[in-house]
Each structure stands twice: as structure tokens, then as C-alpha cells.
Amino acid sequence: MNRVILHIDMDAFFAAVEQMDHPEYRDKPVIVGADPKAGAGRGVVSTCSYEARKFGIHSAMPISQAYKRCPHGIYLRGRMERYQELSRRIMKIMQDFSPAVEPVSIDEAFIDITGCIKLFGEPRAIAQKLKDCIKQQTGLTASVGVAPSKFVAKIASDLEKPNGLVIVEKEKVKDFLRPLPISRMWGVGKKTEPVMQKLGIQTIGDLADYSQSKLIKYLGKAGVQFWNLANGIDNRTVVPYTDAKSLSHETTYHEDTDDTAKLKQTIFYLSNEVSRGLRKGNMKGKTITLKIRLADFSTFTRSKSFIHYINSSKEIYDVAMQLFDSFNRMGKKVRLLGVAVSNLDNSIGEQMSMFDD
């Protein structure tokens with residue numbers, strides 16, 4: 001039996017929620033993220049409405065740059081509890097269609113409906129009914145891609161946003177992929193794309209036709225994965241929700257700093273917040289990671305693992321400080337710090353909600 005996988009992606013989720021809850025924001029550029037502070041703010045854009053995207057604003061853009069492009073926009077800090085509430089409702093709606101639901105983030109998920117077609121009808125009908133249910137029960141729109149693999153379904157869901165529905169049948173997968181720019185490839189980012197372009201690879205079709213051995217030479221083992229995806233080969237299954245793999249907390253300074261006392265105080269605060277989250281979920285972890293972003297936006301992580309599980313703020317802080325003290329900042333100021341604990345174990349208590357902070 002051919003697999004049928006849906007990728008559901010909510011449209012501009014955070015911004016759409018704000019426009020739904022505040023009618024006066026509708027049809028206006030809404031930017032959810034850090035405080036722009038009249039162009040001097042730090043941090044990034046979390047999500048923006050489609051009206052804001054017309055000004056070239058996008059997720060992860062520095063908030064100061066977004067403000068320069070759209071100073072008259074509506075800038076909001078966001079309400080995570082509200083977004084989590086709606087996300088849980090949306091995931092519940094998906095589970096009414098299939099037990100095989102794999103959340104990817106707060107606003108997207110994969111669903112395997114292969115075994116549900118006899119119950120709910122053809123894939124197009126299922127996808128449309130799912131979209132209708134989400135709209136009726138939450139007031140929000142979702143874009144859906146339907147395909148025989150996760151890779152193709154994810155690409156399809158993004159092509160006709162907002163409120164899109166794109167179906168790619170198995171026999172048409174290669175034709176669907178060939179003309180798409182290489183930037184549509186899963187895993188092709190700012191570093192990989194220029195490498196591929198230098199090799200003459202501009203489209204997914206170019207990648208599909210390229211020599212596997214040469215891809216391995218230039219891209220390592222990842223070259224095989226890229227080649228397989230470009231040729232429509234993706235055997236990954238939809239994996240229903242599993243336990244949280246890490247818990248983290250980070251902060252961006254309003255001004256870059258090299259004040260040692262301030263940096264240590266921040267690490268203490270972050271360690272305490274992560275410890276609090278672990279204890280709240282009856283969790284412990286073995287690996288502590290420190291994230292450092294310098295003034296030039298270069299970002300580094302340093303980690304240390306233990307044989308035993310920990311969740312105390314003092315232990316997390318002590319390790320994070322060791323990692324910080326051993327890191328050579330080369331005289332540069334710090335823009336962001338983050339602390340994370342991974343390799344988690346929840347056997348000591350109840351399972352955490354995947355949408356906990």
C-alpha cells in the first residue's frame with residue numbers, strides 16, 4: 001500500500017492568533033517577537049503576518065531590521081500560553097483523523113492517513129475536511145501538503161500559503177520536485193546552498209541528476225541524503241509524539257556586553273530557569289550545553305555530559321560556568337547566552353507536555 005502523508009502548517013500562527021483575538025489588528029502588519037525599541041531593540045521576529053511580509057519581514061530577522069522596514073507595524077511580545085492552548089486544540093483535531101500524528105513544532109505536524117482512507121475518504125477529502133475542522137474550531141487557517149513522503153509533503157504545504165492545499169501523487173513526485181529551487185531542499189541553508197550553486201546545482205532536478213560520488217566528495221555523507229530526497233526517496237515514517245529531548249532557556253542582551261559579573265549573573269538566572277522547568281516536569285538530564293552568540297552574530301555551543309542525571313540549579317550553573325570560563329571570546333562582546341539540559345529521563349515522574357517552555 002502506498003503511504004499517504006499530510007504535512008499541516010498553520011499560517012503565520014502567532015500573528016494570526018493575535019489578529020483573530022484583536023479584530024483591530026486584521027489586515028495590518030503584525031510582528032510578534034522582541035520589543036523593537038524604535039529600531040534599537042535586540043532579539044528577532046518570531047512570526048509576522050502576511051501583511052508584514054510584503055515589507056520583506058520574515059521569521060528570525062533581527063527586530064531592529066524589521067522596524068526599519070516597517071516602522072508603522074504592530075509589534076507584540078507574544079502570548080505563549082495562548083498559542084500553546086490553541087496548539088493543543090489543533091493537535092487534538094489532527095488526532096481525530098489518525099493516531100499517527102508527529103508534531104514538528106507548536107504550529108506544524110505530520111499525519112499518516114494511509115490506514116484511514118476507507119474511513120474518511122480520499123486524501124483530498126481528508127485534507128480539506130481537516131482544514132475545515134481547524135477553521136471551524138479555532139478560527140485559524142492551515143496549509144496542507146499531501147504526498148507519499150514527509151519531504152514532499154512539507155514542501156507541498158508551503159507552496160500555496162496561506163490556506164493552501166497541494167497534493168502530489170506518487171507517480172508525479174519527480175516532476176513536482178525538478179523545477180523547484182535548491183533552497184526548497186530540506187537541510188539546504190545559508191552554508192550549503194552556495195556550495196551547491198558553485199557545483200552548478202540550481203534546482204532540485206539538477207541535484208537529482210548529479211553524481212552521488214561527487215556529492216559525497218563535496219558535502220560528505222549528507223550528499224547521499226540530499227541526492228535521495230531530490231530523487232523522491234524518503235522512507236522516514238511518521239513517529240507519534242515522543243518524550244521531550246531537551247529543555248532550554250536563553251536571553252538576548254539589549255546591548256552587547258563583556259561585563260563578566262553581568263554574564264555570570266545571566267548564566268545563574270538561565271540555569272535556575274532550566275532547573276525549575278526540569279523539576280516542574282519531574283525530569284533530569286545528563287548533558288548541559290552553553291550557547292554563546294557574540295556581537296558579530298557568530299554562535300557557538302559547548303557541552304559536557306555526566307554518567308548520572310541532574311536537575312539542580314547549582315549543578316547546572318557550575319557546569320555552565322566551567323564551559324563559559326573555558327570559552328575564548330577573542331575579546332568580543334556577548335549578544336546572547338543560553339543554557340540547555342538534554343539526554344532527559346522522565347522515569348522519575350509524569351511525562352512533560354511537549355509545549356512546556
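Helices (H or I, at least four residues) and strands (E, at least two) are taken here as DSSP runs, numbered from the N terminus. The model is predicted: local features need pLDDT of at least 70, side-chain atom pairs count only at pLDDT 80 or more, and totals for chains, interfaces and linings use all residues. Residues are numbered from 1 along each chain as its sequence is written, and side-chain values use heavy atoms, with hydrogens and water left out.

Select first the open sheet of four strands, ordered β9-β12-β10-β11 with antiparallel pairing; two strands pair if DSSP finds at least two bridges between them. Its edges are β9 (246–257) and β11 (299–310), each pairing on one side only.

Next, display β10 (residues 284–294), which is joined to β11 by eight bridges in the antiparallel sense. I292 has F300 in β11 as its bridge partner.

Add helix α13 (residues 260–280), which packs on the sheet and touches β9, β10, β11 and β12 (334–345); contact means heavy atoms within 4.5 Å. Then select helix α14 (residues 313–325): it lies across β10, β11 and β12 and runs at about 140 degrees to β11. Such angles run from 0 to 180 degrees between N-to-C directions, with axes fitted to C-alpha atoms, for helices over the stretch in contact.

Move to the largest nonpolar core, of 38 residues, where L6, I8, F13, M94 and L130 have the most contacts inside it. Such a core is a set of buried (under 20% relative accessible area, 1.4 Å probe, protein chains only) Ala, Val, Leu, Ile, Met, Phe, Trp, Tyr and Cys residues joined through side-chain atoms within 4.5 Å. Helix α4 gives the most to this core, with six residues.

Key:
Buried means under 20% relative accessible area, exposed over 50%, partly exposed in between (1.4 Å probe, protein chains only).
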